Amino acid sequence: MTDRPTIDPEYFEILVVRELRKIGLDVTEPRVHRRTELPEPERGFLLELRVSLGRDAPPPPWRKRALIACRRQDGPVGREAVETVAGRLGEA
């Protein structure tokens, strides 16, 4: 079994935006909404980005504001983690 590569939150943010652009989304105004270290036993971090997402083709073009939550952790993401993010949509 190999160890995970070392990825800090700043590099993770770059990876997330790059992957969204690779699938054809126009990503603008990325802002960190929340960044926090996860407690044991997860050993990782949570990164929440507020972005403007859009697409010109295929028509009709669209643009929406989004809150993207990314977790880097050892274990699976549970239901509670997803519900916690949903609860923060209003403040974002």
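How many bridges join strand 2 to strand 3, and do these strands run parallel or antiparallel? In this predicted model, 11 bridges join the two strands, which run antiparallel. The protein chain holds two helices and three strands, and these follow one another along the sequence in the pattern α-β-β-β-α. The points below begin with the chain as a whole, then turn to the sheet, the helices and some individual residues.

**The chain as a whole**

- Taken along the principal axes, the box filled by the C-alpha atoms of the protein chain is roughly 45 × 30 × 20 Å.
- Of the 92 residues in the protein chain, 32% are buried, and the chain exposes about 6,600 Å², of which carbon and sulfur atoms supply 54%.
- Among the contacts of the protein chain with a separation of 6 or more, 50% come from residues 24 or more positions apart in the sequence.
- The protein chain carries 17 positive and 16 negative charges, and the mean positions of these two groups are 5 Å apart.

**The sheet**

- The three strands form an open sheet in the order 1-2-3, with antiparallel pairing.
- Strand 1 and strand 3 (62-72) stand at the edges of the sheet, and because each has a single partner strand, one side of each is left without a neighbour there.
- From one strand to the next, the twist averages 15°.
- Strands of a sheet pair through backbone hydrogen bonds, in either a parallel or an antiparallel arrangement.
- Strand 1 (residues 26-38) and strand 2 (residues 44-55) run antiparallel and are joined by 10 bridges; within this pairing, arginine 35 stands opposite leucine 47 of strand 2.
- Five residues lie between strand 1 and strand 2 in the hairpin that these strands form, and arginine 43 in the turn has a positive phi of about 50°.
- On the other side of strand 2, where 11 bridges lead to strand 3, serine 52 stands opposite arginine 65 in strand 3.

**The helices**

- Helix 1 (residues 9-22) packs on the sheet and touches strand 1, strand 2 and strand 3, while its direction makes about 30° with that of strand 2.
- Helix 2 (residues 79-87) includes alanine 86, which counts as partly exposed because its relative accessibility is 48%.
- Alanine 86 and leucine 20 are 66 residues apart along the chain, and their C-alpha atoms are separated by 20 Å.

**A buried glutamate in strand 2**

- Glutamate 48 is found in strand 2, and it counts as buried because its relative accessibility is 0%, where the cut-off for buried is under 20%.
- When neighbours within four places in sequence are left aside, the residues in contact with glutamate 48 are Arg31, Val32, His33, Arg34, Leu67, Ile68, Ala69, Val85 and Arg88.

**Backbone details**

- Most residues other than glycine have a negative phi, and most peptide bonds are trans.
- Glutamate 29, whose place is in strand 1, has a positive phi near 55° although it is a residue other than glycine; at 47% relative accessibility, this glutamate 29 counts as partly exposed.
- Alanine 57 and proline 58 are joined by a cis peptide bond with omega of about -5°, and proline 58 lies in the loop between strand 2 and strand 3.
- A cis peptide bond also leads from proline 59 to proline 60, with omega near 0°, and proline 60 lies in the loop between strand 2 and strand 3.

Terms used: Residues numbered from 1 in each chain as written. Predicted model: local features only at pLDDT ≥ 70, side-chain atom pairs only at ≥ 80, totals over all residues. Heavy atoms only, no water. Helix = DSSP H or I, 4+ residues; strand = E, 2+ residues; numbered from the N terminus. Buried < 20%, exposed > 50% of the residue type's maximum accessible area, 1.4 Å probe, protein only. Contact = heavy atoms within 4.5 Å. Areas by Shrake-Rupley, 256 points an atom, 1.4 Å probe, with all protein chains shown as cover. Lys, Arg positive; Asp, Glu negative; His and termini not counted. Charge placed at Lys NZ, Arg CZ, Asp CG, Glu CD. Pairing = 2+ DSSP bridges. Axes fitted to C-alpha atoms, helices over the stretch in contact; angles between N-to-C directions.
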